[in-house]
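User: I am new to this structure and would like a close look at a single part of it. Please take one helix, go through it carefully, and then set it beside the wider arrangement.

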Amino acid sequence: MAEITINGLKTTVADDLTILEAAKTVGIHIPTLCNMADVSSFGSCRICVVEVEGARTLQVSCLTKVRDGMVIKTNSGKVRKARRVLYELLLSDHDQECLTCTRSGSCELQAVGEVLGVKETRFAGEHISPPEDVSVSITRDMGKCILCRRCVAACNDIQNTGVLNAQGRGFDTVIAPAMFSPLGDASCVFCGQCTVVCPTGALRETDATKKVWDMLDSGSRTVVQVAPAIRVAIGEEFGMEPGSQVTGKLASALRALGFDDVFDTNFTADLTIIEEGTEFLGRVKAALTGGTATLPMITSCSPGWIKFIEHHYPDRLDNLSTCKSPHTMMGALVKSFYADKIGKKPEDMKVVSVMPCTAKKFEINRHEMMNDGVPNVDAVLTTRELGRMIREAGIDFRALPDSEFENPLGMSTGAADIFGVTGGVMEAALRTVFELVTGKELPFDKLHVAPIVGFEQVKEAAITIEDPLPDYAFLKGVTVRVAVTSGTAGATMLMDQIEKGESPYHFIEVMGCPGGCIMGGGQPRSADPNVKEKRLKGLYSEDESKVMRKSHENPFITKLYEEFLGEPNGHKSHEYLHTHYTPRGMENRLADKNMVKKEVNPA
Amino acid sequence: MTESIKTLKQLEDIKKAYLDAQEKYDYIVYVCGGAGCVAAKCDLVRTTLLAETEKAGIGGKVSVIQTGCMGTCAIGPVMLVTPGNIFYTELNAAKIKTIVSEHLVNGNVVEEYTFFDAALQKHVPKMDDINFFKKQVKIALRNCGAMAYDDITAYIARDGYQAAYTALTELSPQKVVDEVKASGLRGRGGAGFPTGIKWQAAHDQKAEQKYMVCNADEGDPGAFMDRSILDGDPHSVVEGMLLGGYAIGASIGYIYIRAEYPVAIERIGEAIDQARKYGILGKDIFGSGFDFDLEIRMGAGVYVCGEETALMASIEGHRGEPRQKPPLPFQSGLFGCPTNINNVETLANIPAIVKNGGKWYAQYGIEDSKGTKVFALAGDVVMTGIVEVPIGMTMREIIFDICGGIPNGKKIKAVQSGGPSGGVVTEIDLDTPTDYKSLQQLGAIMGSGILIVMNEDTCMVDSARYFMEFTREESCGKCNACRLGTKRMLEILERIVDGEGEEGDVELLEELCEVIANTSLCGLGQTAPNAVMSTIRYFREEYDEHIRDGICRAGVCFTDHDKKAYPQRLRGRVL
């Protein structure tokens, strides 16, 4: 413990705290722009400087640890003057187009300026403003960048993708991929974690709201679907607590926006479990009965993860499940099964997906995500973009009544809800597969596979099949090993095991973003330090609140197979619900070599 | 394969053999091969000398040795003829021919080609009589210009590696640290931290792996002290590193050297190879059981990589950017291991200190600044070059007594001490001793030891602009204060020298200076405003004249907006 004096106030704090953290414990707020609690203290913005008695210069509070006897002033004249000048310096190299910026109102640079009471900018001068880099998923607008390097930490320290870094030197420094190449040419997986941590509008999702408004105005049949993670996060866009379950309001809001059909990606999450579970059992059977099959099988719902493996492990694409992601399955069904039902041609229908994800914007442009020349999904909105559209439409979200998603593609079980959180896809699969194989319910409290719940980087579980049904006799005594990870750094660990031939697993769930889709790159930016836990809790309680909690219990799934698909992994399934992948290699070298058609940039 | 040196006798035999061989010659001619003389075509001097002596039939009687820098860069190429210590300057092929026939064949000194003292208006042939050399005390530069830089036996003949031998075979690491502490040596790279205390801290760390690092990323404009040592006496740096490694318990040393010093890289690389051949680097050195080896790491010439945390980041293969301290390098340095970083000049002093004792070294200098310091002189001074003097000598003695004062009858206006991080010392303060404390009180610093002498034709606003341009260019871009602060300061200074300054600009500069100095992450940013602060302090009226009256009393500014004209001129003389 360290006894310190802050602004004349004596207090005792743990001695491993930084001054910034210690100040917080006594209710003193120190402004900062580059600090990322628990992740990275980089010390680039210098805004958090404080006066420490005996120190020659002002000290950055985000990096300086408290010491016993330390006397700190966080609000002296010297400190205030320094912060103001530093802030003015930041503004001097910022485009200051606040009124037309998507971050106006949620911009941390704005907020700090307000706190500091800066009313003038005295340092006009040269401003570095490279042209915008608009990729399918992410827009880089470096004229707004303040070089805090949070994105660099997200890209390198958290995601280990190493795409964004500082290029150039001094005043000419720009955050960019190597050789200043555009994001689309780099090995960027479009996870969008950089857009979540960016304090300004410098990194943001590539806007699709205009495109969606145009669809809604065009008169064509416009179908919308929402991912599981949206229902516990969209409330934050309207000042609600993270994790607030607003599924009913969400369905109402979408209807109010003018979508013709309001479906739920959860439905195809249930469908994914049937398809992927069947695929998994097929592979295991082949492996155990003398055939050949690639194991471990790895989930394929996360397009960021898919792009990551295509860049970094292009020889391991056979490990991926061939299932499309749930929302592209939905798109494929809407433009086939549902189009037939309502007597429309696929090309006359538009599908919009509301996703917690920026990589989904890339995914819908992949040439694999088409049937009969028509893209499965026409536009992806992030949770943040949907929030903007609801505001623009003048809808009072908090006051909306609850309503339901529409059938036949709207009903889902609890298993589908937890698709939005790390460990959820695996748990949902186990609920179904175990029961299919043994005829018994998965033997876990409340059906939650405890070892794979939570935010550890790599989680694993093992289940031994004691008494299988006769059809699955080949599994008798087999211990099925599964692993779960979220974030591409964790995926690297599991993939390296596979590369070395040391992977003990049969089935692996990978979500591209740390924490899973609830923490996706398209989710609302939150200042709540417990946002992850709250959103997770929201999804698990949504699951627990349902009567049907196993995908195979969904009656509309059964009906879909009867009316359209036939059987799991059958001919129709393969046509509409399964896919293949593109080896890309670093900076797309393999893809370029094989002349694979580049994804078209919608902007 | 040369036999590894395991005994003192082997070292002494090498020394004896070398000296005996030199004995056989009538004359030994030392041709300066420092960077300045290389630029002035000293190679032609050497080859002509060899050809002419051969022609005159005295080839076997004259030994021609190419040395490191003798310090008199302004008047190169130079050479020293012994016996007699006759110092010839500004040589060319024709002069060599005369010197060979007159001096080396007939024994008559060619006085008109010897050193000309401008102040005395006469030739001073003997090195020992020349004011430039008389007042110097050469410890770090003890071998520079006095021996072949590329021959380990020449180094051993001047008692090289004796300190290392004694230390490794007789002294405990703590005893070596104690000697360095007793010497009072402070870091010569700029910060002036006591070397012994640094070594003690690294010595006291318990760790399986420790590192020794030599900072040879000399980057201040006008500085070439370290380069001269690396060019002229690389073995002293190797020995200094070996002693440091032994003292702190490091088995690997890195020499981080900028790629713009190709000659230094080649020569230190050769010195390392020679030392390995003689078993002075590698396993079980001198049979002591101590292992140590050196590796060279080239930097891309980024000024900020001279900052120790940035330097380590660069060695590790990361972007060369500084980080917050603590942890200090001795706590967590290179690859997370305890690391001791010293500058080239600091290390070059170490063998002499260990050999002669800390007390011997401490006899030079003043109270809290012991020993000698190498200074590089540039700008408006008769003898641009490098000198080594006891710390505490006044700037006036260095500039006027040793370096011959200001050329062309001009008056001195100021001296920029400490490079871009330093400040100006004006005429009235020239009698201040050049030590760490006194210079700091004047708003300047000793820094790495650069003195840029400026005469009355210098515009102080423009000189501040020049140094700010340098720091802006060299800011790494990591922290806001330095990245944007230096840029905005430069822009304000540019508009003042362009005649577009506004009332209040000086106050704005002062505000920026204060904040940048107070909030920058590393030393580069913290000291970046010094040149501006110090010129405002001593020459405020010049700023006001530029802004209010549109007058530049030096006649440098407002000329066709050719902002680059002055720095080009300055650079031309400096480098």
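Analyst:

**A helix of chain B and its surroundings**

Helix 11 of chain B is followed by B:G249, a residue whose phi is positive, near 90°. The model is a predicted one, and the description below should be read with that in mind.

The helix that ends before this glycine runs over residues 234–248 of chain B. At 1.5 Å a residue, the 15 residues of helix 11 of chain B should span 21 Å, and because its end C-alpha atoms are 21 Å apart, the expected and the computed span agree. As for its surroundings, helix 11 of chain B is mostly covered, with 15 of its 15 residues buried, where a residue counts as buried if 20 or more other C-beta atoms lie within 10 Å of its own.

One partner of this helix is helix 9 of chain B, made of residues 195–204, and the axes of the two come within 8 Å and cross at roughly 50°. Angles of 65 to 115 degrees count as roughly perpendicular and those under 35 as roughly parallel, so helix 9 of chain B and helix 11 of chain B are oblique to each other. Helix 9 of chain B brings B:W199, B:A202 and B:H203 to this contact, while helix 11 of chain B brings B:G244, B:A247 and B:I248. Sorted by class, the residues of this contact are 4 nonpolar and 2 polar, with no charged residue among them.

Chain B also meets chain A, in a contact that takes 27 residues from chain B and 26 residues from chain A. On the side of chain B, the elements that give two or more residues are helix 18 (460–474), helix 19 (480–497) and helix 20 (505–519), and helix 19 of chain B gives the most, with 8 residues. That side of chain B divides into 9 nonpolar, 8 polar and 10 charged residues.

Chain A, for its part, is divided into domain 1 (2–116), domain 2 (133–205), domain 3 (209–267 + 327–409) and domain 4 (271–326 + 411–576). The C-alpha centres of domain 2 and domain 4 of chain A lie 31 Å apart, and 13 residues of domain 2 are in contact with 16 residues of domain 4. On the side of domain 2 that touches domain 4, the largest share, 3 residues, comes from helix 5 (residues 193–197) of chain A, and the residues of that side divide into 5 nonpolar, 7 polar and 1 charged.

Definitions and conventions:
Residues are numbered from 1 along each chain as its sequence is written. Chains are lettered from A and ligands numbered from 1 in the order in which they are written. This is a predicted model: local features need pLDDT of at least 70, side-chain atom pairs count only at pLDDT 80 or more; totals for chains, interfaces and linings use all residues. Domain bounds come from an automatic or database domain assignment. Two residues are in contact if their C-beta atoms, placed from the backbone, lie within 7 Å. Helices (H or I, at least four residues) and strands (E, at least two) are DSSP runs, numbered from the N terminus. Ala, Val, Leu, Ile, Met, Phe, Trp, Tyr, Cys and Pro count as nonpolar, Asp, Glu, Lys and Arg as charged, and the others, Gly among them, as polar. Axes are lines fitted to C-alpha atoms, for helices over the stretch in contact, and angles run from 0 to 180 degrees between N-to-C directions. Angles under 35 degrees count as roughly parallel, over 145 as roughly antiparallel, 65 to 115 as roughly perpendicular and the rest as oblique. The expected span of a helix is 1.5 Å times one less than its number of residues. A residue is buried if 20 or more other C-beta atoms lie within 10 Å of its own, exposed if 12 or fewer, and partly exposed in between; C-beta atoms are placed from the backbone.
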